[in-house]
Amino acid sequence: MSGDVFEQFAEDYDRWFEEHRAEYHAEIARIRRLFPRPDSRALEVGVGSGRFAAPLGVPLGIEPSCALGRMAWRRGIEVIRGRAESIPIRDGSCSSALMVTVICFLDDPVLAFREIHRILVPGGSLVLAFLEREGEVARKYLHEREKHRFLSRARFYSSDEVRQLLGRTGFRVVEVDSRAGFSVIAARKGR
């Protein structure tokens, strides 16, 4: 996935969270419920502008977009430039990982999940939040001019498909919160 749209329209991307505060805060609340209390080894893959990492207390982020990474850094997140499919972090060095609306932009979700599995400690947690393919949220956002700019390049998955991908890459799903087409899945790395 080319990051050009995120470089060119980073301010527009970030402004959405201010313009849709209720939806944004509802998403944070659902993620917070499933995401373990972050420690200094917690990571958000695809940290974007830091809109989730910062309020959730995740100190480190991986981000391919320089423009979004700078915003996350201003929100207090240490940002490493990189992609989910090739995370520049040592094996077994992260306690937990978070991915919010990232899977739809990945070139290879299986490779990304394998990378996350590699960097997590045994029993480490992965929490994914994403727009489901047939969900009302994805359909709504595809018609919003500001969101469509980003989501027109997205590949959406069903909750079942994501659970299967997680299983194929060594994760065990422990909880699913799927409402209105926005899913949050908590999984653990197998030993």
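# A tour of the mixed sheet, its helices and its cores

Begin with the open sheet, in which seven strands follow the order β3-β2-β1-β4-β5-β7-β6 with mixed pairing. The model is predicted. Colour β3 (78–81) and β6 (171–179) to mark the edges, since each of these strands pairs on one side only. Looking across the sheet, the twist averages 20° from one strand to the next.

**The β6 edge**

Select β6 together with β7 (residues 182–189). The two strands run antiparallel and are joined by eight bridges. Within this pair, show valine 176 of β6 and its opposite number in β7, isoleucine 185.

Next, select the loop between β6 and β7, where alanine 180 is found. Alanine 180 is not a glycine, yet its phi is positive, about 55°. Is alanine 180 buried, partly exposed or exposed? Its relative accessibility is 42%, so alanine 180 counts as partly exposed, the class between under 20% for buried and over 50% for exposed.

**A second positive phi**

Move to the loop between β4 and α6 (109–119) and pick threonine 101. Here too a residue that is not a glycine has a positive phi, of about 45° for threonine 101. With a relative accessibility of 23%, threonine 101 counts as partly exposed.

**Over the β3 edge**

Now show α5 with β2 (60–63) and β3. Helix α5 lies across these two strands, and its direction is at about 165° to that of β3.

Keep α5 (residues 66–74) on screen and add α2 (residues 10–19): their axes come within 9 Å and cross at roughly 45°. The two helices are therefore oblique to each other. Which residues meet at this crossing? From α2 they are Ala10, Glu11, Tyr13 and Asp14, and from α5 they are Ala67, Leu68 and Met71. By class, the contact of α2 with α5 has five nonpolar residues, two charged and no polar ones.

**From α2 to α3**

Hide α5 and show α3 (21–34). The axes of α2 and α3 come within 5 Å, crossing at roughly 90°. That angle makes α2 roughly perpendicular to α3. To see the contact, display Trp16, Phe17, Glu18 and Glu19 on the α2 side and Arg21, Glu23 and Tyr24 on the α3 side. The contact of α2 with α3 divides into four charged residues, three nonpolar and no polar.

**The nonpolar cores**

In soluble globular proteins, nonpolar side chains tend to be buried together. In this model the largest nonpolar core has 34 residues. Select Ile31, Phe52, Leu56, Val58, Leu98, Val127 and Val184, which have the most contacts inside that core. Elements that each supply at least two residues to this core include the helices α1 (4–8) and α4 (53–56) and the strands β4 (94–100), β5 (120–131) and β7.

Centre the view on valine 127. What does valine 127 touch, leaving aside its neighbours within four places in sequence? Its contacts are Ile31, Leu34, Phe35, Pro36, Ala97, Leu98, Met99, Val184, Ile185 and Ala186. One of these, isoleucine 185, is the β7 residue already shown opposite valine 176.

For the last stop, select Val45, Ile62, Leu126 and Phe171. These four are among the 29 residues of another core, which lies apart from the largest one.

How values were computed
Residues numbered from 1 in each chain as written. Predicted model: local features only at pLDDT ≥ 70, side-chain atom pairs only at ≥ 80, totals over all residues. Heavy atoms only, no water. Axes fitted to C-alpha atoms, helices over the stretch in contact; angles between N-to-C directions. Helix = DSSP H or I, 4+ residues; strand = E, 2+ residues; numbered from the N terminus. Parallel < 35°, antiparallel > 145°, perpendicular 65-115°, else oblique. Contact = heavy atoms within 4.5 Å. Nonpolar A, V, L, I, M, F, W, Y, C, P; charged D, E, K, R; others polar. Pairing = 2+ DSSP bridges. Core = buried A, V, L, I, M, F, W, Y, C linked by side-chain atoms within 4.5 Å. Buried < 20%, exposed > 50% of the residue type's maximum accessible area, 1.4 Å probe, protein only.
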